[in-house]
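This briefing introduces one structure to a reader who has not met it before. Please look at the sequence and the model, and then read the points below.

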Number of protein chains: 2
Amino acid sequence: MKELQDRILKDGRCLPGGILKVDNFINHQMDSELMFHCSAEFMRLFADRKIDKILTIEASGIAPAVFAGWLMRVPVVFAKKAVPKTMDKAFVTTVHSFTKNRDYTVFVSREYLNPGERILIIDDFLACGNAAVGLADLCRQADAPVEGLGFLVEKAFQGGRDLIAKALPDAQVESLAVITSLDDGQIVFS
Amino acid sequence: MKELQDRILKDGRCLPGGILKVDNFINHQMDSELMFHCSAEFMRLFADRKIDKILTIEASGIAPAVFAGWLMRVPVVFAKKAVPKTMDKAFVTTVHSFTKNRDYTVFVSREYLNPGERILIIDDFLACGNAAVGLADLCRQADAPVEGLGFLVEKAFQGGRDLIAKALPDAQVESLAVITSLDDGQIVFS
């Protein structure tokens with residue numbers, strides 16, 4: 001998606017260790033108009049899939065997920081990283097964060113993932129694929145099939161797509177900006 | 001706002017300790033259409049204020065904030081509860097969570113709050129007011145005036161509005177559903 005790629009080139013910054021900083025417009029300060037356009041593109045890309053619910057993970061996935069849910073007229077659930085007092089029973093899994101270099105636990109209340117619900121997973125980044133596979137594991141526990149996974153930015157050199165293909169061979173995977181290299185501080189798209 | 005009040009009566013649940021559980025449509029599973037309507041109402045309520053930026057806090061504030069930012073055509077910043085690797089310099093404050101009964105640290109990068117920017121704070125709940133006053137403290141550090149604060153749900157019996165009035169006497173405070181009592185599991189609106 002050209003608008004997103006252009007914005008990454010304009011405002012994204014490469015940090016040491018294969019990190020792409022996009023907190024100017026995606027994951028700290030958010031450009032709502034851009035997020036809306038990205039969500040519209042997700043709707044187009046997954047038009048052939050019947051989707052009952054969108055699943056994302058707090059916090060950076062929420063903006064593109066909530067616009068997509070609005071456009072596609074389906075509920076949006078965000079997985080949480082800490083169990084609040086008010087959550088009774090939950091599906092639980094463990095995810096390794098590449099950016100934060102630690103494991104964390106991810107939860108969805110059993111009330112909000114139901115057997116047979118066809119799920120679209122949306123998140124800001126596809127890197128190693130651990131968050132996506134963790135969300136898919138919550139869906140598996142709920143017996144809810146994952147129809148598709150949509151990412152704003154994919155760092156293709158970190159292998160996440162292969163991990164997803166192995167875990168979810170029937171799911172459609174789409175990324176709006178696919179980066180093949182961040183070497184020497186240069187952002188290269190596929 | 002009748003639509004939100006009706007939904008709270010339909011799907012909200014009272015838990016012991018003055019907790020209103022709305023994770024069916026606001027803060028775990030989200031009804032995007034309802035969030036959009038709430039944001040449109042914020043736009044209407046704050047129409048007389050010139051707003052340059054919306055500030056919220058992860059994670060439940062993001063959905064109403066990002067729709068409001070889209071409608072009002074201003075950037076949205078969400079304060080974070082843990083410093084990521086990729087954040088260099090930040091405004092920092094401490095907030096006490098009523099629901100989780102603990103203190104936590106809240107950050108906004110210095111890049112995304114600038115002197116003179118007129119801020120609208122949006123969040124899902126106004127209870128004791130600690131999160132709101134914490135966000136206002138980040139704005140104060142940045143020398144960015146808080147023009148208004150918009151909440152989906154106010155628990156008026158927890159005194160948050162008074163705390164805000166003391167800290168921000170010139171700011172406009174609006175809540176779309178004001179609850180005066182949750183005693184005996186009954187939701188009473190003002």
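**Helix packing and symmetry between two chains**

In this predicted model, α3(A) packs against helix α2 (residues 32–45) of chain B at an angle of about 105°, with the two axes 8 Å apart. α3(A) and α2(B) are therefore roughly perpendicular to each other. Axes are lines fitted to C-alpha atoms, for helices over the stretch in contact, and angles run from 0 to 180 degrees between N-to-C directions. Angles under 35 degrees count as roughly parallel, over 145 as roughly antiparallel, 65 to 115 as roughly perpendicular and the rest as oblique.

**Basis of the description**

- Residues are numbered from 1 along each chain as its sequence is written, and chains are lettered from A and ligands numbered from 1 in the order in which they are written.
- Because the model is predicted, local features need pLDDT of at least 70, side-chain atom pairs count only at pLDDT 80 or more, and totals for chains, interfaces and linings use all residues; side-chain values use heavy atoms, with hydrogens and water left out.
- Helices (H or I, at least four residues) and strands (E, at least two) are DSSP runs, numbered from the N terminus.

**Contacts of α3(A)**

- Towards α2(B), the residues V66(A), G69(A) and W70(A) of α3(A) meet S32(B), E33(B) and F36(B), where contact means heavy atoms within 4.5 Å.
- This contact of α3(A) with α2(B) comprises three nonpolar, two polar and one charged residues; Ala, Val, Leu, Ile, Met, Phe, Trp, Tyr, Cys and Pro count as nonpolar, Asp, Glu, Lys and Arg as charged, and the others, Gly among them, as polar.
- Helix α3 (residues 62–72) of chain A also comes within 9 Å of helix α3 (residues 62–72) of chain B, axis to axis, and the two cross at roughly 70°.
- That crossing makes α3(A) roughly perpendicular to α3(B).
- I62(A), A63(A), V66(A), F67(A) and W70(A) make this contact from α3(A), and I62(B), A63(B), V66(B), F67(B) and W70(B) make it from α3(B).
- The contact of α3(A) with α3(B) has 10 nonpolar residues, with no polar and no charged ones.

**Relation of the two chains**

- A turn of 180° and a shift of 0.0 Å along the axis lay chain B on chain A with an RMSD of 0.0 Å, after least-squares superposition on the C-alpha atoms of residues with pLDDT of at least 70 in both.
- That is the relation of a two-fold axis.
- Within chain B, A59(B) comes closest to the rotation axis, at 2.6 Å (C-alpha).
- The same surface serves both copies, as 98% of the contact residues of chain B recur in chain A.

**Backbone features**

- The peptide bond from E58(B) to A59(B) is cis, with omega near 0°, and A59(B) lies in the loop between β4 (53–57) and α3 of chain B.
- In chain A, the peptide bond from E58(A) to A59(A) is likewise cis, with omega near 0°, and A59(A) lies in the loop between β4 (53–57) and α3 of chain A.
- D143(A) is not a glycine, yet has a positive phi of about 65°; D143(A) is found in the loop between α4 and β9 (146–155) of chain A.
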